[in-house]
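Here is a set of questions and answers on one protein chain. Look at the model first, then read on.

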Amino acid sequence: GPLRGSLGAEVSWWMPPKGGGEGGVRPSTSSEHCAAEVCRCIEAGDEEGADEVMGEALSSVRGTSRKAFYNSVIGHCAASASLEAGLWCLRRLEGRGMTP
């Protein structure tokens with residue numbers, strides 16, 4: 001079934017391939033989708049999964065700096081009322097030598 005963010009909103013992280021068929025592709029690594037996945041992982045106590053999600057998203061970021069992406073993810077976590085996930089992202093940002 002669909003993933004749900006901390007406020008119960010459906011997360012469209014996985015989408016079927018164009019034209020239907022088997023499998024799925026990640027349509028976007030936007031900060032909003034990344035934040036929803038990070039929130040889900042952190043709420044489940046899965047920091048390793050959150051690291052994986054953030055790593056995949058950061059490797060696909062185009063047209064923006066990593067710092068801007070982190071700040072955007074932190075903002076989306078805050079908007080979804082996931083303080084713990086926002087703080088997790090902040091620690092990762094600072095751990096990579098960046099400041100918010």
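A crossing is left-handed if the near helix is turned anticlockwise from the far one by less than a right angle, and right-handed if clockwise. The model discussed here is predicted.

Q: In what order do the elements of the chain run from the N terminus on?
A: The chain has four helices and two strands. Read from the N terminus on, the order of these elements is β-β-α-α-α-α.

Q: Are α3 and α4 roughly parallel or roughly antiparallel to each other?
A: Helix α3 covers residues 66-79 and helix α4 covers residues 83-95. Their axes lie 8 Å apart, at an angle of about 165 degrees. Angles over 145 degrees count as roughly antiparallel. The two helices, α3 and α4, are therefore roughly antiparallel.

Q: What is the handedness of the crossing in which α3 passes α4?
A: Handedness depends on which way the near helix is turned from the far one. For α3 passing α4, the crossing is left-handed.

Q: How many nonpolar residues are in the contact of α3 with α4?
A: From α3, the contact uses Lys67, Tyr70, Asn71, Val73, Ile74 and Cys77. From α4, it uses Ala85, Gly86, Cys89, Leu90, Arg92 and Leu93. By class, two of these residues are polar, two are charged, and the nonpolar ones number eight.

Q: Are α1 and α4 roughly parallel or roughly perpendicular to each other?
A: The axes of α1 and α4 come within 9 Å and cross at roughly 105 degrees. Angles of 65 to 115 degrees count as roughly perpendicular. Helices α1 and α4 are therefore roughly perpendicular.

Q: Which charged residue is in the contact of α1 with α4?
A: Val38, Cys39 and Ile42 of α1 meet Glu84, Ala85, Trp88 and Cys89 of α4. These residues divide into six nonpolar, no polar and one charged. Asp, Glu, Lys and Arg count as charged, so the charged residue is Glu84.

Q: Which helix gives the most to the largest nonpolar core?
A: This core has 21 residues, and those with the most contacts inside it are Cys34, Val38, Met54, Phe69, Val73 and Cys89. Helices α1, α2, α3 and α4 each supply at least two residues. With six residues, the helix that gives the most is α1.

Q: Is alanine 68 buried, partly exposed or exposed?
A: Alanine 68 is in helix α3. Its relative accessible area is 33%. Buried means under 20% and exposed means over 50%, so alanine 68 is partly exposed.

Terms used
Residues numbered from 1 in each chain as written. Predicted model: local features only at pLDDT ≥ 70, side-chain atom pairs only at ≥ 80, totals over all residues. Heavy atoms only, no water. Axes fitted to C-alpha atoms, helices over the stretch in contact; angles between N-to-C directions. Parallel < 35°, antiparallel > 145°, perpendicular 65-115°, else oblique. Contact = heavy atoms within 4.5 Å. Core = buried A, V, L, I, M, F, W, Y, C linked by side-chain atoms within 4.5 Å. Buried < 20%, exposed > 50% of the residue type's maximum accessible area, 1.4 Å probe, protein only.
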